[in-house]
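Good morning, everyone, and thank you for making the time. I would like to walk you through one structure slowly, so please keep it open in front of you while I talk.

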Amino acid sequence: MTASQIVLLIAAYFIVLLLISYFTGKNDSNADFFKAGKKSPWYLVAFGMVGASLSGVTFISVPGWVETSQFGYFQVVLGYLFGYFVVAFLLLPIYYRLNLTSIYEYLLDRFGVVSHKTGAFFFFVSRVLGAAFRLYLVAIVLQQFVFDDFGIPFEITVVISILLIWIYTNRGGIKTIVWTDTLQTAFMIAAVILSIILINKELDWSFGEFLTSVELKQYNKIIFTEDFLARNHFIKSFIGGMFITICMTGLDQDMMQKNLTCKNLKDAQKNMVSFSFVLVGVTFLFMLLGALLYLYAGQNNISMPLMDGSPKTDLLFPEIALNSGLGLALSITFMLGLIAAAYSSADSALTSLTTSFCVDFLDLKDKDELEKKRIRKKTHVWMSLALIAVIIAFKYILSSNVIDSLLTVAGYTYGPLLGLFAFGIFTEHQVKDKWVWIISVLSVATIALIANIDKAYLGGYVLGYELLPLNGLLTFFGLWCIRTKQIKS
């Protein structure tokens, strides 16, 4: 597939998104932008959330990670499943009872202004980094396989990507995204299924033959229990995955904003439970695809693609889909899936950042409707510029597999949110609100020090995703130290 063909495909795709945006953004109101008028069908939200949760990171990075981790990532995914039930039956009832626009308003209600701002700040950092990770991955693929052919620098590729998202989310916000995510999820799932079928066909296998093949056995180990000291031990991965879901979904304005557009709590819970099972199944398909890619590359002597002179496993799927001669059908399927997976998470991230900043930092409640809309639109532009800056920075500082980097960073930035919400939900204590930000910063700093301890000093124990619950525990302990007995009235 040529670079020109890919550009035409991207253009056609975005025309469809703009049409959806036109019809869903006619009101151009803050009520629709922030909460979609609380009229979203739960099944539509559930299906769209699959694409938003998986994103371009899963679409490319999970298959590329199979060679080094085998199917060990699925241990984390099983933890996700348990975490989604915690979100559905513990956190969602609180958010609906308080009728929140931003979930961090809970911290204002429970503790006070400083706690509210602290929680919103850590979400802001978490989501900017998370969205930037996802868009960075898409940008490097577009750069490597499209824009390099036109002599366009990486920085311009990033600007174009963010500009396209800004255009179709500027008016309708979350109301638009509920519908575009549904389309994008459909493209993404179709892409992974068709990719598996087409590559199996090229290898002269049926799907059943592939699943029972000797070749697959070198990649398909799921449960790792041999060495508790290792980072990928089942217990550590499962617990880490559970807390990643609780934090990156249940304590994340991006993911919760979609749930809060449902008509009522019961619909939101149906959405969360059904979505969780679909997500587990789709993620397993991605790992099967990863094994297929490595088997196909080995049989056809396809080398790992290079970026800036270094092998990049995240580029294996695009290399095979676009440059290995498997046909135009696979190339089109891959590009549609990549674009859909990437933008289904990036567009909602941009919208949630705008929502949180407007509600949590700019306090729109006391302003008139015209002023609210003006502030929202201006904030939407500034959030776009922030994402552009961080994505460009990643090109020069990021070296590891993107999904591993994403989950590692989550251990630092979501920990204070976990501790704050846990303390609010499971204790009846109030805290000295003015000290909360100091406790949160100290917790992150302590985790950073712990994470950098040489494993030799820990008896060979390798720290992994359990840093997230440990971070939350440290924050909880810090809040306990500044507790007071009375409940905030």
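**Helix α6 and its surroundings**

Let me begin with helix α6, where 25 of the 33 residues are buried, so this helix is largely enclosed by the rest of the structure. Please keep in mind throughout that we are looking at a predicted model. Helix α6 runs over residues 113–145, and at 1.5 Å a residue its 33 residues should span 48 Å, which agrees with the 48 Å that separate its end C-alpha atoms.

From there I turn to the largest nonpolar core, which has 137 residues, and in which Tyr95, Ile199, Met272 and Met335 touch the most other members. The element that gives the most to this core is helix α12, residues 265–299, which supplies 17 residues. As general background, nonpolar side chains in soluble globular proteins tend to be buried together.

There is also nonpolar material on the outside, for Ile15, Leu19, Tyr22 and Phe23 form a surface patch that has about 470 Å² of accessible area together. One of these, leucine 19, is found in helix α1, which covers residues 3–24.

Now to the charged pairs, where the count comes to five salt bridges. Which residue forms a salt bridge with glutamate 466? The partner is lysine 236, and the closest N and O atoms of the two are 3.9 Å apart. Because glutamate 466 lies in the loop between α18 (436–451) and α19 (467–481), while lysine 236 lies in helix α10 (residues 234–250), this pair ties together parts that are 230 residues apart in sequence. Both glutamate 466 and lysine 236 are buried.

Two other salt bridges sit within single helices. In helix α12, lysine 270 and aspartate 267 are three residues apart, about one turn of the helix, and their closest N and O atoms are 3.5 Å apart. Lysine 270, at 35% relative accessibility, counts as partly exposed, whereas aspartate 267, at 13%, counts as buried, because buried means under 20%.

Helix α15, residues 369–397, holds both arginine 374 and glutamate 371, again three residues apart, and in this salt bridge the closest N and O atoms are 2.8 Å apart. Here arginine 374 is partly exposed with a relative accessible area of 43%, and glutamate 371 is partly exposed as well, with 26%. The general reasoning behind such spacing is that an α-helix has 3.6 residues a turn, so residues three or four places apart point the same way.

Note on methods. Residues numbered from 1 in each chain as written. Predicted model: local features only at pLDDT ≥ 70, side-chain atom pairs only at ≥ 80, totals over all residues. Heavy atoms only, no water. Helix = DSSP H or I, 4+ residues; strand = E, 2+ residues; numbered from the N terminus. Expected span 1.5 Å × (residues − 1). Buried < 20%, exposed > 50% of the residue type's maximum accessible area, 1.4 Å probe, protein only. Patch = residues over 30% accessible without salt bridge, like charges linked within 9 Å, V, L, I, M, F, W, Y side chains within 5 Å. Areas by Shrake-Rupley, 256 points an atom, 1.4 Å probe, with all protein chains shown as cover. Salt bridge = Lys/Arg side-chain N within 4 Å of Asp/Glu carboxyl O. Core = buried A, V, L, I, M, F, W, Y, C linked by side-chain atoms within 4.5 Å.
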